[in-house]
Amino acid sequence: MTEVIIVVVVLVLATIAGIVMKSRSGRVHQRLADIADQSIFSVLPDAQVDPTARVTAIQFSSAFCQPCRATRVILDDVAQMVDGFAHVDIDAESHLEQIRTLDIRKTPTVIFVDAGGMEFARASGQPRKADVIATVADHL
Amino acid sequence: MIDARGPRFGAAISTVVLAGAIVLIDTPVGMGILVWQTIVFALGALVGLRAQPYGILYRRMVQPRLRGPVVVESAAPPRFAQAVGLGFTATGLFLVIVGAPFAASMVLACAFAAAFLNAAFNFCLGCEMYLSVARVRAGIGARR
């Protein structure tokens with residue numbers, strides 16, 4: 001009987017945890033704790049940025065990460081649709097110091113910056129295309 | 001690259017099997033179920049996903065009946081998940097053999113939770129852990 005209780009309790013807790021994680025994952029949001037006092041371009045000097053872009057999305061990916069591939073496709077699509085928007089893909093594992101500086105916990109993480117490289121939003125986990133478009137449009 | 005729906009199907013079966021192993025932990029049937037699931041994970045982790053019984057079932061019986069686009073992913077994260085599952089079930093099996101069934105059911109509850117999250121929410125454990133491990137390694141490296 002104890003074992004049945006274990007299964008039920010774990011099921012309930014895991015379901016709650018799953019729903020919470022799913023609802024937070026990929027949400028495009030502005031961080032309250034603002035460590036964006038320096039341009040992200042100075043944190044990532046080797047990033048191949050488009051200097052004419054008014055909004056840039058900087059995606060941090062890792063190997064063998066299917067949501068990273070999906071996110072890249074989404075950002076590609078939006079870049080096709082929206083003028084003045086560009087995106088860059090950074091390999092997280094070869095930029096571990098920057099990961100710590102930028103407080104990146106998982107991949108994919110997308111950081112949205114303005115023309116000056118100041119972060120105004122980010123998404124942890126694969127974002128929805130509609131949310132990306134809305135965020136970008138607001139800052140163009 | 002593999003069909004991403006396959007491992008998720010396998011995780012669903014594993015969820016049910018592990019629940020069965022936990023509920024029947026005190027019985028010979030439960031032990032048999034646990035041995036079976038340990039073998040399943042071992043095949044997936046050590047031999048490869050092609051040898052994983054649930055994956056084989058998926059490719060033979062389920063995939064031909066599915067319609068819609070095939071989402072493709074790398075085989076590495078699911079294989080890593082099999083290895084994690086093997087760690088849990090082998091530990092659980094060991095605890096049952098040495099006469100600690102309650103401890104075994106605790107360990108198997110973790111595997112059950114992981115399989116359930118994978119099946120129900122497509123939770124990418126590899127993505128979550130990968131960077132955390134790398135950050136810790138970098139932190140340790142930086143302190144030297």
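A salt bridge is counted here when a side-chain nitrogen of Lys or Arg lies within 4 Å of a carboxyl oxygen of Asp or Glu. By that rule, Asp131(A) forms a salt bridge with Arg128(A), with 3.2 Å between the closest N and O atoms.

Good morning, colleagues. The model is predicted, with local features requiring pLDDT of at least 70 and side-chain atom pairs counting only at pLDDT 80 or more, while totals for chains, interfaces and linings use all residues. Residues are numbered from 1 along each chain as its sequence is written, chains are lettered from A in the order in which they are written, and side-chain values use heavy atoms, without hydrogens and water.

I begin with the salt bridges. Over all chains, the search finds six. In the pair just named, Asp131(A) is partly exposed at 23% relative accessibility, whereas Arg128(A) is exposed at 56% (buried means under 20% relative accessible area, exposed over 50%, partly exposed in between, with a 1.4 Å probe and protein chains only). A second pair joins Asp77(A) and Lys129(A) at 3.0 Å, N to O. This pair connects distant parts of the chain, helix α3 and helix α5 of chain A, 52 residues apart (helices are DSSP runs of H or I, at least four residues, numbered from the N terminus). In chain B, Arg5(B) and Asp3(B) also meet at 3.0 Å, N to O; Asp3(B) is buried at 11%, and Arg5(B) is partly exposed at 22%.

How many salt bridges cross the interface of chain A and chain B? The rule finds zero there. The two chains nevertheless bury about 2700 Å² between them, 72% of it on carbon and sulfur atoms (the accessible area, 1.4 Å probe, lost on being put together, summed over both). On the side of chain A that touches chain B, α1 (2–24), α3 (66–81) and α4 (96–101) each supply at least two residues. Of these, α1(A) gives the most, with 13 residues. The contact takes 31 residues from chain A and 35 residues from chain B (heavy atoms within 4.5 Å).

Finally, the largest nonpolar core, a set of buried Ala, Val, Leu, Ile, Met, Phe, Trp, Tyr and Cys residues joined through side-chain atoms within 4.5 Å, has 20 residues. Val10(A) and Leu18(B) are among those that touch the most other members. Helix α5(B) gives the most to this core, with eight residues. Beyond four places away in sequence, Leu18(B) touches several residues, including Leu108(B) and Phe112(B).
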